[in-house]
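Biologist: I am new to this structure and would like the reasons behind the terms used for it. Please show it to me, and then I will ask.

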Amino acid sequence: MMMKKKKEAAAPLSPTPTPIPGKKQKAPPELLRGFRDILPDEQGRFTAVRDAARAMADAYSFDRIDLPMLERADVFLRPLGKNTDVVEKEMYTFVDPSGDTVSLRPEATASVARAYINHGMLNLPQPVKLWYEGPMFRHDRPQAGRYRQFHQVGFEVIGVPEPIIDAQLIIIASQMLKDLGLDVTIQINSIGTPEARTAYLTELVSYFRPHRAKLSEDDKKRLQKNPLRLLDSKDPAIQELLAGAPQIVDWLDEDSKNHFMKVLEFLDEMQVPYQLNPHLVRGLDYYTHTVFEIWLAGDQGERAQNALGGGGRYDGLVELLGGRPVAGCGFALGVERVAKAMAEQGLTPPLRPHAKVFFAQLGDAARRVGLKVFEEFRKADIHVAEAFGKNALKAQLEAANKMAAAYTLILGQKEVLDGTIIIRDMESGAQEIVDVNKVVSLVKKKLTNAPEIAVPATPVPVQTDIPVEVADEEIPA
Ligand code: AMP
């Protein structure tokens, strides 16, 4: 008996599937708030920032370190301080399946100090100079330039207390940004030793106490638990009061004052523009002496949102983590902030080198040879583009033209049989047939002799009227 063939359901033509009655349609997954994809059109700037950091690290002999993104929460709790915004409100902390309380790193300096202790780096020649790059996580309120996952490049120098280290790090940070095309000013302050700070804090609290009623609930808490944070409050009432508040620099001991003066002298010597900012404290418990932030030149208000980076000295950090007392100093730049500043100033470094050569193929035999040709060009460090999705020569030449290729290599069935390949000069339309084994060296010679071609913003019209010596019948249907 003949089975009746079941009618197959027609495949949906549109990318949106037809709703199935009675079945709830799933919405596509969305990104978490404050998290983002960094798409190819932004990658040029991100790569430029990372490359600038790598170049600086090489020039100043910093060694790269990669640190885990997930650490025991203790690595951050004590060094950053229980009463800081980062620890109180912004850490992604949870108990993992093994029962350990862990945190996604909100910053990397504490991890660097942990690594310094764990790997006995105290026994290495000092200072130990390390740099890193990678994502950080803070459950901050998302807004322009503030994300819950963001990236930093950072430099740390551990083992030497000298003020020249502070100055050199500031020079590295500002020079790196200058190399990227940004004009910056350093905001700088000293918060001295923990002892000098204790005396100052008593004074600061007595100054604010009579004004307690004017403070927000958050600031009242700060006054009680971490009064230094009042100095960088954005509340206008506090800002007004700050004008008459005692300034920390007046409470520094002689050693702290001398350290700070020397840092400033070094910066003067190198003509690094800075502004003394008595309200800059940087908020984390581990800082001592010099603290600084890097702002775009001309930026004044909105600073918390705009700072491109920040850093300072942390002579007590290694000890706070259970190591021996060792001096340290460092800074981190926010990659998103730097990339945003670059975009605002129209700085658009290319994502990758522009391919000056295009490979056009006609038929499968040509594709097979083409794969080998590609490899030969790669070995010679010549970037080659293609449009394997297109079969017609005209369409491929149009693509080559759009990419502003200087030369197109054309390989058809005839050329494969003859062991040749056509080199087409995209500007003049002139073509020559050459031995396929010599194509790399010939193109290399042409590219070295050719004047640097500018990549046109709008593609020039393709000259398809110039005859191409490849028979049409070789173009697959
Ligand atoms: P901090 O040590 O907290 O001042 O961070 C150093 C730099 O990292 C800042 O100056 C910013 O450029 C960047 N940064 C900090 N938090 C964020 C965030 N939530 N989103 C984007 N960038 C950030």
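Modeller: One term comes first: contact means heavy atoms within 4.5 Å. Also, this is a predicted model.

Biologist: Which strands does helix α16 lie across?

Modeller: Helix α16, residues 439–449, lies across β12 (357–361), β14 (407–411), β15 and β16. The angle between α16 and β15 is about 15°. Angles run from 0 to 180 degrees between N-to-C directions, so a value of about 15° sits at the low end of that scale.

Biologist: What is the order of the strands in the open sheet of five?

Modeller: The order is β13-β12-β14-β15-β16, with mixed pairing. β13 (384–386) and β16 (431–435) are the edge strands, as each pairs on one side only. On average, neighbouring strands here are turned by 30° against each other, with direction ignored.

Biologist: How do you know that β15 and β16 count as paired?

Modeller: Two strands pair if at least two bridges are found between them. β15 (residues 420–425) and β16 share five bridges, in the antiparallel sense, and therefore meet that condition. Ile 421 stands opposite Val 434 in β16, and Ile 422 stands opposite Ile 433.

Biologist: What joins β15 and β16, and which residue in the turn has a positive phi?

Modeller: The two strands form a hairpin with five residues between them, and Gly 429 in the turn has a positive phi of about 85°. Another hairpin is made by β3 and β4, again with five residues between the strands, and there Gly 99 takes a positive phi near 90°.

Biologist: What makes β3 and β4 a pair?

Modeller: The condition is at least two bridges. β3 (residues 92–95) and β4 (residues 101–104) have four, running antiparallel, so they qualify. Tyr 92 stands opposite Leu 104 in β4.

Biologist: Why are β1 and β8 called edge strands in the sheet of eight?

Modeller: The sheet is open, its pairing is mixed, and its order is β1-β5-β6-β11-β10-β9-β7-β8. β1 (63–64) and β8 (274–276) each have a single partner strand, so one side of each has no neighbour in the sheet.

Biologist: How many bridges link β7 and β9?

Modeller: Seven bridges link β7 (residues 184–190) to β9 (residues 288–296), in the antiparallel sense. At least two are required, so these strands count as paired. Thr 290 in β9 is the bridge partner of Ser 190. Helix α9 (residues 254–269) lies across β7, β8, β9 and β10 (309–313), at about 165° to β7.

Biologist: What is notable about Gln 271, and where does it lie?

Modeller: Gln 271 is not a glycine, yet has a positive phi of about 55°. Gln 271 is in the loop between α9 and β8.

Biologist: How do you know that the peptide bond between Gln 126 and Pro 127 is cis?

Modeller: Its omega is about 0°. Pro 127 lies in the loop between α4 (109–118) and β5 (128–137).

Biologist: What makes the approach of Arg 138 to the ligand a polar contact?

Modeller: The cut-off for a pair of N or O atoms is 3.5 Å. An N or O atom in the side chain of Arg 138 is 2.7 Å from a ligand oxygen, so the pair falls within the limit. The same limit covers Arg 282, whose polar side-chain atom lies 2.8 Å from a ligand oxygen, and Ala 307, with a polar backbone atom at 3.0 Å from a ligand oxygen. The protein buries 89% of the 470 Å² that the ligand exposes when taken alone.

Biologist: How many residues surround the ligand, and of which classes?

Modeller: There are 14, and the closest include Tyr 147 and Gln 152. Five are nonpolar, four polar and five charged.

Note on methods. Residues are numbered from 1 along each chain as its sequence is written. This is a predicted model: local features need pLDDT of at least 70, side-chain atom pairs count only at pLDDT 80 or more; totals for chains, interfaces and linings use all residues. Side-chain values use heavy atoms; hydrogens and water are left out. A residue is near a molecule or strand if one of its heavy atoms lies within 4 Å of it. A polar contact is a pair of N or O atoms within 3.5 Å; within protein, one must be able to donate a hydrogen and the other to accept it, and residues adjacent in sequence count only if both atoms are side-chain atoms. Accessible areas come from the Shrake-Rupley method with a 1.4 Å probe; for residues, only the protein chains shown count as cover. Ala, Val, Leu, Ile, Met, Phe, Trp, Tyr, Cys and Pro count as nonpolar, Asp, Glu, Lys and Arg as charged, and the others, Gly among them, as polar.
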